[in-house]
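Here are some exercises to work through with the viewer open. Try each task yourself, then follow the solution step by step.

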Amino acid sequence: NPSTIYHEGRKAKRDIEESRKIIAGIIKSRPEEIIFTSGGTESNNLAIFGSANKYKKGHIITTKFEHHAVLEPCQQLAKDGFDVTFLDVGEDGIIKPEDVKMALRPETILVSVMYANNEIGTIQPIAEIGKLARENGIYFHTDAVQTVGHIPVNVDDLNVDLLSFSAHKFY
């Protein structure tokens, strides 16, 4: 227990805070922005359901080719009364930022697009999509499980509010 007053707990707390700093350095965020979960699925759930819980209703945009860890929460939110748009990708496996822009509505609360597809390896134009979301005051989430540790990830450059990744993918 890192909150205990005992030596082992204080050491665990120091280790966690050091890990938080290291991870923040990897994605160029602030240490206090890092939330530890059990993995990518839980991180995606926290980002998606957490955003939905804040607003209680609204419109969500995602794509049809997301990992099930994003698709299933979005499908559940659709059953719960949220309006969810599932965008197609082009023949090249890339989502067009203009398709995201056309899908935006005043009631849009969240856009969630994976950074790199786990099946075909396409890298999405996350910075452009994130810019659209930011300009419209909409939370932007990316499932970056396949990218962190493999290509540079800077949350500010990508205009990302919520980023999920898993240490098991990059050791």
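## Exercise 1: a serine in a strand

Not counting residues up to four places away in sequence, serine 112 touches Ile48, Ile61, Thr62, Thr63, Glu66, Val70 and His141. Please keep in mind that this is a predicted model.

**Task.** Find the element that holds serine 112, decide whether serine 112 is buried or exposed, and find the partner of its side chain in a polar contact.

**Solution.**
- Step 1: Locate the residue; serine 112 belongs to strand β3.
- Step 2: Check the accessibility. The relative value is 0%, and buried means under 20%, so serine 112 counts as buried.
- Step 3: Look at the side chain, which makes a polar contact with the side chain of histidine 141 at 2.7 Å. His141 is also among the residues that serine 112 touches.

## Exercise 2: helix α3 and its cover

**Task.** Compare the reach of α3 with the expected value, then list its buried residues and name elements that cover them.

**Solution.**
- Step 1: Helix α3 runs over residues 68-79, which makes 12 residues.
- Step 2: From first C-alpha to last, α3 reaches 16 Å, close to the 16 Å expected at 1.5 Å a residue.
- Step 3: The buried residues in α3 are Ala69, Val70, Leu71, Pro73, Cys74 and Leu77. Val70 also appears among the contacts of serine 112.
- Step 4: The cover over these buried residues includes α2 (40-55) and the strands β1 (59-63), β2 (83-87), β3 (108-112) and β4 (139-143).
- Step 5: Move past the helix: α3 is followed by glycine 81, with a positive phi near 110°.

## Exercise 3: positive phi without glycine

**Task.** Take lysine 56 and asparagine 159. What is the phi of lysine 56, and what is that of asparagine 159? Then decide for each whether it is buried or exposed.

**Solution.**
- Step 1: Lysine 56 has a positive phi of about 70° although it is not a glycine. Lysine 56 sits in the loop between α2 and β1.
- Step 2: With a relative accessible area of 59%, lysine 56 passes the cut-off of over 50% and is therefore exposed.
- Step 3: Asparagine 159 has a positive phi near 60°, and its place is the loop between β4 and β5 (162-164).
- Step 4: Asparagine 159 has 15% relative accessibility, so it counts as buried.

## Exercise 4: two pockets

**Task.** Describe the volume of the largest pocket and of the second largest, and find which element gives the most to each lining.

**Solution.**
- Step 1: The largest pocket holds about 720 Å³ of space. Of its 31 lining residues, Glu33, Ile34, Ile35, Leu163 and Phe165 are the closest to its centre.
- Step 2: The elements that give two or more residues to this lining are α1 (7-27), α2 and β5. α2 gives the most, with five residues.
- Step 3: By class, the lining of the largest pocket has 15 nonpolar, 10 polar and six charged residues.
- Step 4: Turn to the second largest pocket, with about 160 Å³ of space. Of the 13 residues that line it, Gly40, His67, Asp143, Val145 and Gln146 are the closest to its centre.
- Step 5: In the second largest pocket, α2 gives the most to the lining, with three residues. By class, that lining has four nonpolar, seven polar and two charged residues.

Methods. Residues are numbered from 1 along each chain as its sequence is written. This is a predicted model: local features need pLDDT of at least 70, side-chain atom pairs count only at pLDDT 80 or more; totals for chains, interfaces and linings use all residues. Side-chain values use heavy atoms; hydrogens and water are left out. Helices (H or I, at least four residues) and strands (E, at least two) are DSSP runs, numbered from the N terminus. The expected span of a helix is 1.5 Å times one less than its number of residues. Buried means under 20% relative accessible area, exposed over 50%, partly exposed in between (1.4 Å probe, protein chains only). Contact means heavy atoms within 4.5 Å. On a 1 Å grid over the protein atoms alone, a cavity is a set of points where a 1.4 Å probe fits but cannot get out, and a pocket is an open set with protein on both sides within 12 Å along at least five of seven lines; lining residues have an atom within 4 Å of a point. Grid points are joined across faces, edges and corners, and a volume is the space filled by probe spheres set on the points. Ala, Val, Leu, Ile, Met, Phe, Trp, Tyr, Cys and Pro count as nonpolar, Asp, Glu, Lys and Arg as charged, and the others, Gly among them, as polar. A polar contact is a pair of N or O atoms within 3.5 Å; within protein, one must be able to donate a hydrogen and the other to accept it, and residues adjacent in sequence count only if both atoms are side-chain atoms.
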